Amino acid sequence: MDIQVNRHQLERVVIKWLNQHYGNLTPKKHTNVPYTIFFVNNKNEIIMEYDYILRHRKDILIDNDRIWSKLHSIFHLKYLEVQSIINVWLKETYGLDDDVTPLKNNWGFDDITDWEN
């Protein structure tokens, strides 16, 4: 069976998937990295790293293994499509600005255990 969906329908399905799996991340800060917000899961694993002031643009690094590559393989999305949908999701779910640029993080994140309160 061949199912046809338009771009908006696909975007909503992907955002629903993102919310089911990563819609409850907790923003945390660390003293040594004052201009970065880390979004962590319930195991304190960093899923996203939002550098909101140090660069000439606002970048948010997205975990490749947990999010980016899954959107690519499950939904057959290209890089710019993943980037666009993640941008909408970040605005809707986490209240981030439109000018945030989601970037794929292939290198992983450092383990941080001593978060600010």
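The following exchange concerns the fold of a predicted protein model.

Colleague: What should be known about the model and its numbering?
Modeller: This is a predicted model, in which local features need pLDDT of at least 70 and side-chain atom pairs count only at pLDDT 80 or more, while totals for chains, interfaces and linings use all residues. Side-chain values use heavy atoms, with hydrogens and water left out, and residues are numbered along each chain, as its sequence is written, from 1.

Colleague: Which pattern do the helices and strands follow along the sequence?
Modeller: Helices (H or I, at least four residues) and strands (E, at least two) are DSSP runs, numbered from the N terminus. The protein has three helices and five strands. Read along the sequence, their pattern is α-β-β-β-β-α-α-β.

Colleague: What radius of gyration does the protein have?
Modeller: The radius of gyration is taken over C-alpha atoms, and the globule rule is 2.2 Å times the number of residues to the power 0.38. For 117 residues, a compact globule would have a value near 13 Å, and the value of the protein agrees with this: 15 Å.

Colleague: What share of the residues is buried?
Modeller: Buried means under 20% relative accessible area, exposed over 50%, and partly exposed in between (1.4 Å probe, protein chains only). Of the 117 residues in the protein, the buried share is 38%.

Colleague: Is strand β4 largely enclosed or open?
Modeller: Strand β4 covers residues 58-63. Five of its six residues are buried, so the rest of the structure leaves β4 largely enclosed.

Colleague: Which strand pairs with β4 in the parallel sense?
Modeller: Two strands pair if DSSP finds at least two bridges between them. Strand β3 (residues 46-51) runs antiparallel to β4, with four bridges, and Y50 has I60 in β4 as its bridge partner. The parallel pairing of β4 has six bridges, and L61 is partnered by L103 in it. The parallel partner, at residues 100-105, is β5.

Colleague: How many residues does the hairpin between β1 and β2 pass through?
Modeller: Strand β1 (residues 26-30) pairs with β2 in the antiparallel sense over four bridges. H30 stands opposite V33 in β2. The hairpin joins β1 to β2 through a number of residues equal to two.

Colleague: What is the phi of N44?
Modeller: Most residues other than glycine have a negative phi. N44 lies in the loop between β2 (33-40) and β3, and is partly exposed, at a relative accessible area of 34%. Although N44 is not a glycine, its phi is positive, at about 60°.

Colleague: Is H76 buried or exposed?
Modeller: H76 is found in the loop between α2 (64-75) and α3 (79-94). Its phi is a positive value near 55°, in a residue other than glycine. With a relative accessibility of 66%, H76 counts as exposed.

Colleague: Which residues does N64 touch, not counting those up to four places away in sequence?
Modeller: N64 is placed in helix α2 and counts as buried, at 15% relative accessibility. Contact means heavy atoms within 4.5 Å. With residues up to four places away in sequence not counted, N64 touches S69, K70, K104, N105 and N106.

Colleague: What share of the contacts between residues at least 6 apart in sequence joins residues at least 24 apart?
Modeller: The share concerns contacts in the protein between residues at least 6 apart in sequence. Among these, the part that joins residues at least 24 apart is 51%.
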